[in-house]
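Colleague: I would like a close look at one part of this model. Please take me through the place where the helices meet, step by step.

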Amino acid sequence: MTDLGVVRMSDEAFRNEKLYNVTMLLAKKMLQDDTISKEEYDSFNAIFTKKYNPSLSTLFAEIDLI
């Protein structure tokens with residue numbers, strides 16, 4: 001915890017956030033290109049949410065930040 005009361009993310013948690021984000025960015029691109037269906041995208045999301053257990057990324061998953 002820092003002086004501001006902010007908890008520092010562990011290296012492993014940060015790595016998992018990055019891996020989840022990259023994976024879902026690729027899946028979203030595949031969905032936009034009609035390479036996969038919405039159901040397949042949702043399945044990818046469920047699988048990789050379970051695998052990487054992201055704490056922050058799921059908050060922004062449906063927001064187009066770019």
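Modeller: What follows is a walk from the whole chain to the helix pair, then to the loop and the end of the pair.

Keep in mind that this is a predicted model. The chain has 66 residues, and 20% of them are buried. It holds 2 helices and 0 strands. The accessible surface is about 5,400 Å². Carbon and sulfur atoms account for 60% of that surface. Now take contacts between residues at least 6 apart in sequence: 57% of these join residues at least 24 apart.

Start with the pair itself. Helix 1 covers residues 11-32. Helix 2 covers residues 38-52. How should we describe them together? Two packed helices are described by the angle between their axes and the distance between the axes. Here the axes come within 10 Å and cross at roughly 175°. An angle over 145 degrees counts as roughly antiparallel. Helix 1 and helix 2 are therefore roughly antiparallel to each other.

Which residues make the contact? From helix 1 come Asn16, Leu19, Tyr20, Thr23, Met24, Ala27, Lys28 and Leu31. They meet Lys38, Tyr41, Phe44, Asn45, Phe48, Thr49 and Tyr52 of helix 2. By type, the contact residues divide into 9 nonpolar, 4 polar and 2 charged.

Next, the core. The largest nonpolar core has 7 residues. They are Tyr20, Met24, Ala27, Ile36, Tyr41, Phe48 and Tyr52. Each of the two helices supplies at least two residues of this core. Look at Phe48, one of the core residues. Setting aside residues up to four places away in sequence, Phe48 touches Tyr20, Thr23, Asn53 and Pro54.

Ile36 is another core member, and it sits in the loop between helix 1 and helix 2. Is Ile36 buried or exposed? Its relative accessibility is 9%. Buried means under 20%. So Ile36 counts as buried. Beyond its neighbours within four places in sequence, Ile36 contacts Ala27, Met30, Leu31, Tyr41 and Phe44.

Met30 deserves a stop too. Met30 lies in helix 1. Its relative accessible area is 30%, so Met30 is partly exposed. Outside four places in sequence, Met30 is in contact with Thr35 and Ile36. Met30 and Tyr41 are 11 residues apart in sequence. Their C-alpha atoms are 8.4 Å apart in space.

Stay in the loop for Asp34, which also lies between helix 1 and helix 2. Asp34 is not a glycine, yet its phi is positive, about 60°. With a relative accessible area of 68%, Asp34 is exposed.

Now go past helix 2. Asn53 is in the segment after that helix. Its phi is near 45°, again a positive value in a residue other than glycine. Asn53 counts as exposed, at 63% relative accessibility. Asn53 is also among the residues that Phe48 touches.

Last, go back to helix 1 and find Asn21. Asn21 is partly exposed, with a relative accessible area of 41%. Along the chain, Asn21 and Tyr52 are 31 residues apart. In space, their C-alpha atoms are separated by 9.8 Å.

To put it together: the two helices run roughly antiparallel. Ile36 of the loop joins residues such as Tyr20 and Phe48 in the core. Asp34, in that loop, is exposed.

Definitions and conventions: Residues are numbered from 1 along each chain as its sequence is written. This is a predicted model: local features need pLDDT of at least 70, side-chain atom pairs count only at pLDDT 80 or more; totals for chains, interfaces and linings use all residues. Side-chain values use heavy atoms; hydrogens and water are left out. Helices (H or I, at least four residues) and strands (E, at least two) are DSSP runs, numbered from the N terminus. Buried means under 20% relative accessible area, exposed over 50%, partly exposed in between (1.4 Å probe, protein chains only). Axes are lines fitted to C-alpha atoms, for helices over the stretch in contact, and angles run from 0 to 180 degrees between N-to-C directions. Angles under 35 degrees count as roughly parallel, over 145 as roughly antiparallel, 65 to 115 as roughly perpendicular and the rest as oblique. Contact means heavy atoms within 4.5 Å. Ala, Val, Leu, Ile, Met, Phe, Trp, Tyr, Cys and Pro count as nonpolar, Asp, Glu, Lys and Arg as charged, and the others, Gly among them, as polar. A nonpolar core is a set of buried Ala, Val, Leu, Ile, Met, Phe, Trp, Tyr and Cys residues joined through side-chain atoms within 4.5 Å. Accessible areas come from the Shrake-Rupley method with a 1.4 Å probe; for residues, only the protein chains shown count as cover.
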